[in-house]
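User: I am new to this structure and would like to go through it with you. Could you show it first?

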Amino acid sequence: MTDQELVEQAFTMLERAYVPYSHFPVGAALEGEDGKIFTGCNVENAAYGSCICAERTALVKAVSEGCQSFRRLAVVGNSTDYCWPCGSCRQMLYEFAPELEVLVAKKDHSFVKYRLRELLPQGFGPTSLG
Ligand code: THU
């Protein structure tokens, strides 16, 4: 699958987003080491602190299905700016895949690509516990 195709899979999740509070839908597509794709969207809640981001939805789906190694992630929004992963999502993903390729898109479907390590330099991970 090309990078653009992974981005398009993330875009299909925008319509599933549950966003009655922010009205800011986010979609994610996370590719496991074996090529399996786990998609996710943000799911908000009247108790705002209980909202979950699209990337973490995809990650917990994957881990709960037995997948713990990842190659690429696409994150997309309906905004004119790139839909950057929040700090909590960067941290959660770093646990499993510091070398993850992260494709960050904006609403015209163009995207930029980074390593998770670049988005979370000197991250705290499993080896940090020494
Ligand atoms: N959001 C995500 O889904 N992923 C991110 O990395 C950034 C923020 C969601 C959370 C909330 O539902 C909405 O975007 C506005 O913050």
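User: Which atom of the ligand does a polar side-chain atom of E44 lie 2.5 Å from?
Analyst: The partner of the E44 side-chain atom is an oxygen atom of the ligand, at 2.5 Å, which is a polar contact (a pair of N or O atoms within 3.5 Å). This is a predicted model, where local features need pLDDT of at least 70, side-chain atom pairs count only at pLDDT 80 or more, and totals for chains, interfaces and linings use all residues. Residues are numbered from 1 along each chain as its sequence is written, and side-chain values use heavy atoms, without hydrogens and water.

User: What about the backbone of A54 and C86?
Analyst: A backbone N or O atom of A54 lies 3.0 Å from a ligand oxygen atom. For C86, a backbone N or O atom is 2.8 Å from an oxygen atom of the ligand.

User: How much of the ligand does the protein bury?
Analyst: The protein buries 78% of the 370 Å² that the ligand exposes when taken alone, by the Shrake-Rupley method with a 1.4 Å probe.

User: Changing topic, which residues surround the ligand?
Analyst: Those with a heavy atom within 4 Å of the ligand include S22, F24, W84 and P85. The shell divides into seven nonpolar, two polar and two charged residues.

Notes:
A polar contact is a pair of N or O atoms within 3.5 Å; within protein, one must be able to donate a hydrogen and the other to accept it, and residues adjacent in sequence count only if both atoms are side-chain atoms. Ala, Val, Leu, Ile, Met, Phe, Trp, Tyr, Cys and Pro count as nonpolar, Asp, Glu, Lys and Arg as charged, and the others, Gly among them, as polar.
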